[in-house]
Amino acid sequence: MYKLYSMQRSGNSYKVRLALALLGAPYHAIEVDILRGESRTPDFLAKNPSGQVPLLEVAEGRYLAESNAILWYVCGGTSLAPESRVERAEALQWMFFEQHALEPNIGAAYFWLSLVKGGRDLQTHALEDWMERGYAALQVMENHLKSHSYFAAGQLTVADIALYGYTHVADRCDYDLATFPAIRGWLRRVEQTPGFVAMDWQPGAEVEDPARIAAGA
């Protein structure tokens, strides 16, 4: 059974919890509060020298970091990971986009404005850039979703899970999604997927539901 080190309010951590929930995959959840320095302890750094969550123990003493790498690992061999060469590349294209265009802007704004006390005052100098670049990323997504229901393979995939993680909290950190109707429709489609769980859902010690593949349900 997987051991997942994650933080409840982290969008990157949530991506992995959402994927595991959609797949009905069993795992043991371990909460790590990065705001309290729990990812910087010697014990945690021995597992992940970058001191970040999420972190997945895939076998005893073997750990996998980086949310999108973890997504690809846990979803491999399921309908959430496209099989054809071009569809895999398209999914990865959007996952790379999420990490270089969405997460550094909307993710950063969410962290400092929603999670860190006094974060707005600490990051006043960066907020304008986050807004400009974040809105630019949302427009790229909106343009794609005007003619596609999902981001790759014509169905829910790891690409959608990766992008959903921070897009769905954009309105908590000053972004207005009123002018992005295609994104709002896509958010609803993701949320209506069988097995979907919200960011604040807590599995308790373990999740032991029988396996189900979300996109095929």
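This passage describes the two domains of a predicted model, the contact between them, and two buried residues.

Local features require pLDDT of at least 70 and side-chain atom pairs pLDDT 80 or more, while totals for chains, interfaces and linings use all residues. Residues are numbered from 1 along each chain as its sequence is written, and side-chain values use heavy atoms, with hydrogens and water left out.

The chain is divided into domain 1 (2-75) and domain 2 (85-192). These bounds come from an automatic or database domain assignment. The domain centres, taken over C-alpha atoms, are separated by 21 Å. Domain 1 gives 17 residues to the contact and domain 2 gives 19 residues, where contact means heavy atoms within 4.5 Å.

The size of an interface is often given as the accessible area lost when the parts come together. Here the buried area is about 1500 Å² (accessible area, 1.4 Å probe, that two parts lose on being put together, summed over both). Carbon and sulfur atoms give 73% of that area.

One salt bridge is found across the interface (a side-chain nitrogen of Lys or Arg within 4 Å of a carboxyl oxygen of Asp or Glu). The side chains of Lys15 and Glu98 form a salt bridge with an N to O distance of 2.9 Å. Seven residue pairs, both at pLDDT 80 or more, are in polar contact between the domains. A polar contact is a pair of N or O atoms within 3.5 Å; within protein, one must be able to donate a hydrogen and the other to accept it, and residues adjacent in sequence count only if both atoms are side-chain atoms.

On the side of domain 1 that touches domain 2, helix 1 (11-23) and helix 3 (67-75) each give two or more residues. Helices are DSSP runs (H or I, at least four residues), as are strands (E, at least two), numbered from the N terminus. Helix 1 gives the most, with seven residues.

Leu138 lies in helix 6 (residues 124-145). Its relative accessible area is 0%, so Leu138 is buried (under 20%). Outside its neighbours within four places in sequence, Leu138 is in contact with residues including Leu102, Ile106, Tyr175 and Phe180. Ile106 is 32 residues away along the chain, with a C-alpha separation of 9.4 Å.

Asn48 sits in the loop between helix 2 (42-47) and strand 3 (55-59). Asn48 is also buried, at 6%. Its side chain makes a polar contact with the side chain of Ser50 (2.9 Å). The Asn48 side chain also reaches the backbone oxygen of Gln52 at 2.9 Å.

Methods. Buried means under 20% relative accessible area, exposed over 50%, partly exposed in between (1.4 Å probe, protein chains only).
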